[in-house]
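Here's a quick tour of one model, with a pocket, a run of paired strands and a few odd backbone angles on the menu. Have the viewer open as you read.

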Amino acid sequence: MFSEHPEAGPAYGAHWVNTALQSLMSNPAVWRHTVFLVMYDENDGYFDHMVPPTPEPGTPEEYTQGRAIGLGNRVPLWVISPWSRGGWVNSQVFDPTSVLRFMEQVTGVAEPNISAWRRAVCGDLTSCFDFAAPDHSIPRLPDTGALMARADAGTKLPAVQLPAVGAQSMPVQERGERPHRPLPYQPWADVDVDRRTGRVTCTMANDGTVAFPYTVYPNILLPFAGTPFTVAPGATASYVWEAARTNGRYDFTVHGPDGFVRRFAGTVIRDGRDGQNDIGVPIVTADLSGSSRLTLQLVNDGMTEVAFAAAPNDFAGTAQTVRVKPGKRVDLAWPLDRQGRYDVVVTAATGLRFTQRYAGWVH
């Protein structure tokens with residue numbers, strides 16, 4: 001009766017959740033010791049831009065018939081308790097076994113049927129809580145009976161008329177933001193271009209306290225398939241693009257949880273006797289200076305001036321152009337927003353299709 005499947009709608013699901021919560025909250029002694037988890041078993045076909053992590057080939061207990069199991073598209077999870085009040089958002093990777101691992105923390109009883117890879121990549125839900133500052137008060141919740149009545153009344157309205165061609169408009173995202181739980185993630189990835197060999201090497205590092213799953217996707221020339229890397233705390237992994245086999249071109253994107261994205265694209269200008277040195281050769285690396293800014297190191301390894309353009313793709317920062325003379329380096333400080341987020345794209349007007357994007361979150 002209270003399904004949110006078609007012909008029922010979200011108001012019915014809200015009523016079911018409200019009924020369960022009112023039952024728990026009717027006894028404050030029970031509520032002050034309760035964590036109520038609401039998980040959806042599917043995402044109803046809505047587009048999800050986040051690439052789900054998958055294990056490396058041959059990972060024990062995560063492959064069947066030669067295919068990876070891995071994780072699926074994200075679905076909503078509500079964590080409702082006196083220790084999670086305030087509308088917080090948590091972007092750590094979780095899966096259904098995270099609930100079992102949370103129960104391990106509560107009961108001390110180990111669950112033997114969770115793979116080592118899944119334990120490394122998926123959290124145990126404890127980052128959703130602030131156990132030092134509980135709020136045991138009983139909140140006032142909306143009248144979900146009225147919500148259902150409004151939804152029922154909507155079924156008697158005339159059919160929605162489709163807008164004329166050209167009169168449609170894109171939906172607008174709700175303004176504002178929610179506070180974000182600090183996570184144990186400290187990922188980093190940057191690229192090194194060897195002009196002598198044509199080898200482009202992306203090094204993915206993990207300075208956090210839990211494993212971080214990266215997935216690398218080629219954007220051009222190579223078969224479109226994700227290459228997974230699970231990097232343990234304190235470790236690194238490398239992805240190599242042999243640009244000598246792709247006429248010097250390279251273009252790939254690195255994805256990870258919590259808004260982590262890197263894109264590296266360009267053309268390798270070979271150095272040495274068979275190389276070309278009479279043009280500008282852009283090189284960009286980045287560094288997190290403390291927790292307040294990102295430093296973009298703009299280098300010109302060529303013989304003519306390079307004009308670097310840095311532009312915000314989202315969050316903080318102002319578009320600007322930096323000119324770097326041959327053989328010189330200029331450092332550009334790029335700000336983080338007030339929650340520690342950054343997303344900047346750097347290009348260079350050299351005809352080499354040079355593009356590098358750095359996006360992520362500093363906790």
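Two strands count as paired when DSSP finds at least two bridges between them. Keep in mind that this is a predicted model.

**Strands around β11**

With that in hand, look at Arg-262: its bridge partner in β18 is Tyr-358. On the β10 side, Arg-262 of β11 stands opposite Val-254. So what joins up around this strand? The table lists the two pairings, both involving β11.

| Strand pair | Bridges | Direction |
|---|---|---|
| β10 (residues 249-256) and β11 | 8 bridges | antiparallel |
| β11 and β18 (residues 355-361) | 5 bridges | antiparallel |

How many residues of β11 are buried? Strand β11, which spans residues 260-267, is mostly covered, with 6 of its 8 residues buried. In general, side chains in a regular strand alternate between the two faces of the sheet.

β10 and β11 also form a hairpin with 3 residues between the strands. In that hairpin, Asp-258 adopts a positive phi near 65 degrees.

**Other positive phi values**

Which residue in the loop between β9 and β10 deserves a look? Asn-247 sits there, with β9 covering 236-242. Asn-247 isn't a glycine, yet its phi is positive, at about 60 degrees. Asn-247 is exposed, since its relative accessible area is 74%, and the cut-off for exposed is over 50%.

Gln-65 tells a similar kind of story: no glycine, but a positive phi of about 50 degrees. Gln-65 lies in the loop that links β2 (63-64) and β3 (67-68). Here the relative accessible area is 80%, so Gln-65 is exposed.

**The second largest pocket**

Now over to the second largest pocket, which holds about 270 Å³ of space. Its lining is made of 13 residues. Which of them lie nearest the centre of the pocket? Those are Phe-2, Ser-3, Glu-4, Met-39 and Tyr-40.

As for secondary structure, α1 (10-25) and β1 (36-39) each contribute at least two residues to this lining. α1 gives the most, with 3 residues. If you're wondering about chemistry, the lining of the second largest pocket splits into 6 nonpolar, 3 polar and 4 charged residues.

Technical notes:
Residues numbered from 1 in each chain as written. Predicted model: local features only at pLDDT ≥ 70, side-chain atom pairs only at ≥ 80, totals over all residues. Heavy atoms only, no water. 1 Å grid on protein atoms, 1.4 Å probe; cavity = no way out; pocket = protein on both sides within 12 Å on 5 of 7 lines; lining within 4 Å. Points joined across faces, edges and corners; volume = space filled by probe spheres on them. Helix = DSSP H or I, 4+ residues; strand = E, 2+ residues; numbered from the N terminus. Nonpolar A, V, L, I, M, F, W, Y, C, P; charged D, E, K, R; others polar. Buried < 20%, exposed > 50% of the residue type's maximum accessible area, 1.4 Å probe, protein only.
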